[in-house]
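Please consider the following report on a protein model, which turns from a pocket and its lining to one residue and its surroundings.

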Amino acid sequence: MMRALTARVCAGGAGAAAAMMRAPWLLVAARGRGLVAMARYGTEPRGRPNSPDYRLYFKNADGKYISPFHDIPLFAGSKEDKEIPAKRSRTTGSEALFNMIVEVPRWTNAKMEIATEEPLNPIKQDIKKGKLRYVANIFPHKGYIWNYGALPQTWEDPKHTDNITGCCGDNDPIDVCEIGSKIRSSGEIVQVKVLGVLALVDEGETDWKIIAISVDDPEAQKIHGIDDVKKHKPGYLEATVDWFRLYKVPDGKPENQFAFNGEFKDKDFAVEIIKSTHEYWKALLHNKADGGTIKCTNVLVSSSPFCCSEEDAQSIVQSAPLPVNGDSVSPEGWSGGKRRTCLLVCF
C-alpha cells in the first residue's frame, strides 16, 4: 500500500493530491534528486493567493493546527521546548541544527512573513499603505537572493537594547538567509545548520540576519562556517551586504547600516545570538515580557498561559476566508498539483 501511495504521489497531478489527502502527514519531500527533511508539518492555504486576505496556516504530524512561531521547536529533532543542544559535526567542532520556516523563496519579490500579530501566526503578505508589499530588484539580482525566513521560538525584544548594536530588537523572530542551491517553498520547514550572522541596523532597530544552509544541500558537507562560504560561494556574502544596504532605497528610504562595519560574525557568535532570542521568546510566551500586539496563541506549549485547545485553534482557522480555486492542504508548501514535487512515504 505504501509503495502504491508513493508511486501515485510521485506522479503528480490529481492522483497526488488525492493520495496526500488520505495520508498528508506521513511524508518526506523530495526536490530534484535530493531528500528534504521529514515533513512533520503541513500547510493549509486560506483566502486568495496574491491578495490581502491570503493566509498559510500550519498543521503538525498529528493534524493539529499550530503556530509556526510558537509550536515548531527551535532545535531540529527536539520534541519540546529545550535549551539548544549541539550536534557533533562530522568534521570538527560542533554544529547545532535548527528548524527554519521559509517565508520567501529565493528569486521572488512578494514580502511574505509570519503574521506575528494574528492568532496562530499564519504566513501572509506584508501590506504597506494599503498595498501588498514587494521588494524591489537590486541590480543585478531578482527579488530575494536566498531562501528567506525565520527561526521559530525566537524573538528580538523591542524593549531590550542590544549591548553590541546599541539598538533595540525589531519585535520579530530572528531572520534566516538560507544559501543552499535549492529554491524552497513558502511554508516549508527546513533543517539548517548555522554558518554565521550579519548585524543589520534597520531604521534604528537591531535586525540580526542568520546565515545558514540546509543540511540536505549538496554543498552542506563542505560548508561549515563563514570562511567556507567565502571559499565555495565567492561574492555571495558581499552581495548579501549590498542587498540589505540598498533594498529600501527604491522606496525613498536611506541606506541601512550595520554593526561591525558589515563584517559577518562566526557561527559560535551566531548561536549565542540565537540562544538569547530564544530566552526572550520564553519570557514572551510565559507572559514575563510585554509583547504589545504580538499574539502568543499556541497549542503545544502547555506551560504557557496563552496555550489554547485544538478546538479553539480550529475555530481560528475556520474563521479565515475559504481557499480559492480549490487549494487543498499541502505538505511543505505543495499546492493543488501545481507544483510537481515528488513525495515519498516516510517509514
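By class, the lining of the largest pocket divides as tabulated here, where Ala, Val, Leu, Ile, Met, Phe, Trp, Tyr, Cys and Pro count as nonpolar, Asp, Glu, Lys and Arg as charged, and the others, Gly among them, as polar.

| Class | Lining residues |
|---|---|
| nonpolar | 12 residues |
| polar | 2 residues |
| charged | 19 residues |

This is a predicted model, in which local features need pLDDT of at least 70 and side-chain atom pairs count only at pLDDT 80 or more, while totals for chains, interfaces and linings use all residues. Residues are numbered from 1 along each chain as its sequence is written, and side-chain values use heavy atoms, with hydrogens and water left out.

The largest pocket holds about 760 Å³ of space, and of the 33 residues lining it, K111, E113, R133, D170 and D172 are the closest to its centre. A pocket here is an open set of points on a 1 Å grid over the protein atoms alone, where a 1.4 Å probe fits, with protein on both sides within 12 Å along at least five of seven lines, and lining residues have an atom within 4 Å of a point.

D175 is buried, at a relative accessible area of 9%, where buried means under 20% (1.4 Å probe, protein chains only). Leaving aside neighbours within four places in sequence, D175 has contacts (heavy atoms within 4.5 Å) that include D170, Y148 and W208. The side chains of D175 and K209 are joined by a polar contact of 2.7 Å, that is, a pair of N or O atoms within 3.5 Å, one able to donate a hydrogen and the other to accept it.

Definitions and conventions: Buried means under 20% relative accessible area, exposed over 50%, partly exposed in between (1.4 Å probe, protein chains only). Grid points are joined across faces, edges and corners, and a volume is the space filled by probe spheres set on the points.
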